[in-house]
Amino acid sequence: MSAEAEAEYFSKDFEWETLRQEIEDNPSYQYHLLPFTYTPPSQQEEIQVSEDSKAWKRFHLRHSSGKFFKERRYLLKEFPELVSCKEFSKVLEVGCGNGSSAIPILRGNKDIIVYACDCSSETLERAKEIVHSTDIFAVQNRFHPFFCDFAFTGFPKWLVCDSCVESSSLKQQEYSSDVKEGGVADKSGSYVSRECGCCIGGVDIVSLIFTLSAVPQKKMSSAIMECFSVLKPGGLLLFRDYGLYDMTMLRFEQEKRVGFREYMRSDGTRSYFFCLDTVRDLFVGVGFIELELEYCCVKSVNRRKGKSMQRVWVHGKFRKPA
Ligand SMILES: C[S@@+](CC[C@H](N)C(=O)[O-])C[C@H]1O[C@@H](n2cnc3c(N)ncnc32)[C@H](O)[C@@H]1O
């Protein structure tokens, strides 16, 4: 593991509360804390949503050399379920980019199957090239990239179709009432055995790694609902993203603010910075059960510039009720 990856994993270099106090007491950061007045949503704004994926497409075209790619090896330590999950578990990597998260997931468990989507077909092509050039076991059969803007159109029905979702929730209801009545429940109708030909029957794990922050704030809840819908009952959602008062947030100038804790870069891509309560409200709000939620606070030193940087990420793990 590289020193940088190690640094991202060991996550308690400073207390987030101390950083919060410093930032909130510093007059030069006050504009980050001000409430943001939203204009009422208009048709124009709805169109704007697809502008977000166009911005990401342009981003990937500009970074097609592959420098943007950095394998996130620390993921397997942060989320050991990716290694210990049952044989042939299906993972959906949402917003896969060049495969920075997909590759360690494929490497960490030789039986895992990774479905990976992105709103840029260019980056999907690049991801395919990079993944297929690795020596990972049977990778051609285990990596399935596909195009999708999950915040705008939702996931395709071949992941899980309406009739499977419906019969699964009926089974779930029957199962819970059987359990309540002390009867023996038959769980065979769950997604697991539902390879019915109409869809793949949902996935066991969804990973959302630095992708939700790119989704417009007003679309986040429905985007998470999409993730909830494609998960099998009892499935896991693994979350990692920018945390409130991360160094990159504090570098945004006032005119880059497009919402409360939401910023747009000059290239049109956006970034939101999460506090734990916002993440909790978003995920628990659509029905997830919280398993883990914390800040990862890492001090990293830029040796060339001799500057120390305080990085903040949010780490979360949620379960869909069984
Ligand atoms: C910061 S990158 C993270 C990539 C990857 N998950 C990782 O671990 O490095 C965010 C990715 O999300 C994609 N993305 C942004 N909005 C999306 C959307 N609405 N639907 C699908 N992909 C999206 C971008 O194209 C980009 O590749």
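This passage describes the sheet, a helix pair and the ligand shell of a predicted model.

The sheet is open and is built from 7 strands. Their order is 3-2-1-4-5-10-9, and the pairing is mixed. Strand 3 (143-147) and strand 9 (289-302) form the edges. Each of these edge strands pairs on one side only. From one strand to the next, the twist averages 15°.

Strand pairing in general relies on backbone hydrogen bonds, in either a parallel or an antiparallel sense. Both senses are represented here, as the pairing is mixed. Strand 1 (residues 90-94) and strand 2 run parallel and are joined by 5 bridges. One residue pair places this register: valine 94 has cysteine 117 of strand 2 as its bridge partner. Helix 8 (residues 121-132) packs on the sheet. Helix 8 touches strand 2 and strand 3, and its direction makes about 170° with that of strand 3.

Strand 9 pairs with strand 10 (residues 307-319) in the antiparallel sense. This pairing extends over 13 bridges. Among the residues involved, serine 300 has methionine 309 in strand 10 as its bridge partner. The two strands, 9 and 10, form a hairpin, with 4 residues between them. In the turn, glycine 306 has a positive phi of about 65°.

Packed helices are described by an angle and a distance, both taken between their axes. For helix 11 (residues 220-230) and helix 13 (residues 276-285), the angle is about 50° and the axes lie 9 Å apart. Angles from 65 to 115 degrees count as roughly perpendicular and those under 35 as roughly parallel. Helix 11 and helix 13 are therefore oblique to each other. Their crossing is right-handed. On the helix 11 side, the contact involves Met220, Ser221 and Ile224. On the helix 13 side, Leu282, Phe283 and Gly285 take part. The residues of this contact comprise 4 nonpolar, 2 polar and no charged.

The ligand has 22 residues around it. Trp56, Gly95, Gly97, Ser100 and Ser101 come nearest. Helix 4 (43-62) and strand 2 (113-118) are the elements that give two or more residues to the shell. Strand 2 thus appears in the ligand shell as well as in the parallel pairing with strand 1. By residue class, the shell divides into 11 nonpolar, 8 polar and 3 charged. Charged residues are present around the ligand, whereas the contact of helix 11 with helix 13 has none.

Terms used
Residues are numbered from 1 along each chain as its sequence is written. This is a predicted model: local features need pLDDT of at least 70, side-chain atom pairs count only at pLDDT 80 or more; totals for chains, interfaces and linings use all residues. Axes are lines fitted to C-alpha atoms, for helices over the stretch in contact, and angles run from 0 to 180 degrees between N-to-C directions. Angles under 35 degrees count as roughly parallel, over 145 as roughly antiparallel, 65 to 115 as roughly perpendicular and the rest as oblique. A crossing is left-handed if the near helix is turned anticlockwise from the far one by less than a right angle, and right-handed if clockwise. Two residues are in contact if their C-beta atoms, placed from the backbone, lie within 7 Å. Ala, Val, Leu, Ile, Met, Phe, Trp, Tyr, Cys and Pro count as nonpolar, Asp, Glu, Lys and Arg as charged, and the others, Gly among them, as polar. A residue is near a molecule or strand if its C-beta atom, placed from the backbone, lies within 6 Å of it. Two strands pair if DSSP finds at least two bridges between them.
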